[in-house]
Amino acid sequence: MLEIRGLTVDVAGRRVLNDVNMIIQEGEAHVLLGPNGSGKTTLLLSILGFPRYEVKEGEIIFKGEDITDLHTSERVKRGIGISFQNPPVIKGVNLGSMVNICMGEKTDEITEKTLELAGKMNLSEEFLKRDVNFGFSGGEVKRSEILQLIAQHSDFAMLDEPDSGVDIENMELIGKMIGELLQRDYLPSKRKRMGLIITHLATILDYIHADRAHVMLNGRIVCSGVPEELLSGIKKNGYEGCMRLCQK
Ligand SMILES: Nc1ncnc2c1ncn2[C@@H]1O[C@H](COP(=O)(O)OP(=O)(O)OP(=O)(O)O)[C@@H](O)[C@H]1O
Ligand SMILES: [Mg+2]
């Protein structure tokens, strides 16, 4: 289980998250909605413990342990993984080696396992030989990020806009892969993995059957509820309107 209690975070001296509270139970997939610049990515990177994200107040509890002050590498070891919205280019490291590292393999050679997993993401052996994110198209970046996340077998998978800029055919592919990662075809009582997915689109919900959604506005969670209801509320009334309806 993940529990975020009263999390308040400053970035570059500016308050970006304000008293954020969220509980994700084992086996649940949650969706985080909200306008551009509202603090969604900041929340994910704060959960991962990026040093630039200064926790001013609050706690992050993961599997019963307070991880608020742990180094990012320790959080990853405990089972937190992410697919970044804007991952960096890593010159000199090819994607195949990176996936091997994610799987815990020691070799730089592209293994059968890596090749098979990449194939499922519609990524070829040639593609695996390229430096991570160097010259990747927008959709290729997303598939490469999801591939690395799947290879990690994280207990808690955070996905930051995995569906943005993805074409219709690849949307189905990544939707199914994320659904599989989050064990959405298992009975609820059998699901172990937790997920937190940031999206601006409704299509991805067809694949992940999220349990709960949250709307973030100006660094606060202003509304939580049934994902499809919240999304249609936002479509009809905008973010502010949806918040007002939620608070009635
Ligand atoms: N390193 C930083 N330095 C300065 N400001 C930052 C930094 N990181 C985030 N911010 C600011 O914090 C606010 C929230 O950013 P964040 O990336 O969390 O938004 P978001 O909700 O993910 O938006 P989007 O939907 O566009 O991805 C923005 O105003 C952003 O400019
Ligand atoms: Mg973002």
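Here is a walk through two parts of this predicted model, helix 4 with its surroundings and the pairing of helix 6 with helix 7.

Let's start with helix 4, which covers residues 112-120. Its buried residues are Thr 114, Leu 117 and Ala 118. Look down the axis of helix 4 and these buried residues fall within an arc of 100°, so they line one face of the helix. The spacing makes sense: an α-helix has 3.6 residues a turn, so residues three or four places apart point the same way. Swing round to the other side of helix 4 and you'll find Glu 112, Glu 116 and Gly 119, which are exposed.

What sits over the buried residues? The cover on helix 4 includes helix 3 (95-103), helix 5 (125-128) and helix 6 (138-152). Before moving on, have a look just past the end of helix 4, where Asn 122 takes a positive phi of about 65°.

Helix 6 also packs against helix 7, residues 168-181. Two packed helices are described by the angle between their axes and the distance between the axes. For helix 6 and helix 7, the angle is about 15° and the axes are 11 Å apart. Angles under 35 degrees count as roughly parallel, and helix 6 and helix 7 are therefore roughly parallel to each other. Their crossing is left-handed.

As for who touches whom, helix 6 brings Gly 139, Lys 142, Arg 143, Ile 146 and Ile 150, and these meet Asn 170, Ile 174, Met 177, Ile 178 and Leu 181 of helix 7. Sorted by class, the contact between helix 6 and helix 7 has six nonpolar, two polar and two charged residues.

Note on methods: Residues are numbered from 1 along each chain as its sequence is written. Chains are lettered from A and ligands numbered from 1 in the order in which they are written. This is a predicted model: local features need pLDDT of at least 70, side-chain atom pairs count only at pLDDT 80 or more; totals for chains, interfaces and linings use all residues. A residue is buried if 20 or more other C-beta atoms lie within 10 Å of its own, exposed if 12 or fewer, and partly exposed in between; C-beta atoms are placed from the backbone. Helices (H or I, at least four residues) and strands (E, at least two) are DSSP runs, numbered from the N terminus. The arc is that of the directions from the helix axis to the C-beta atoms. Two residues are in contact if their C-beta atoms, placed from the backbone, lie within 7 Å. Axes are lines fitted to C-alpha atoms, for helices over the stretch in contact, and angles run from 0 to 180 degrees between N-to-C directions. Angles under 35 degrees count as roughly parallel, over 145 as roughly antiparallel, 65 to 115 as roughly perpendicular and the rest as oblique. A crossing is left-handed if the near helix is turned anticlockwise from the far one by less than a right angle, and right-handed if clockwise. Ala, Val, Leu, Ile, Met, Phe, Trp, Tyr, Cys and Pro count as nonpolar, Asp, Glu, Lys and Arg as charged, and the others, Gly among them, as polar.
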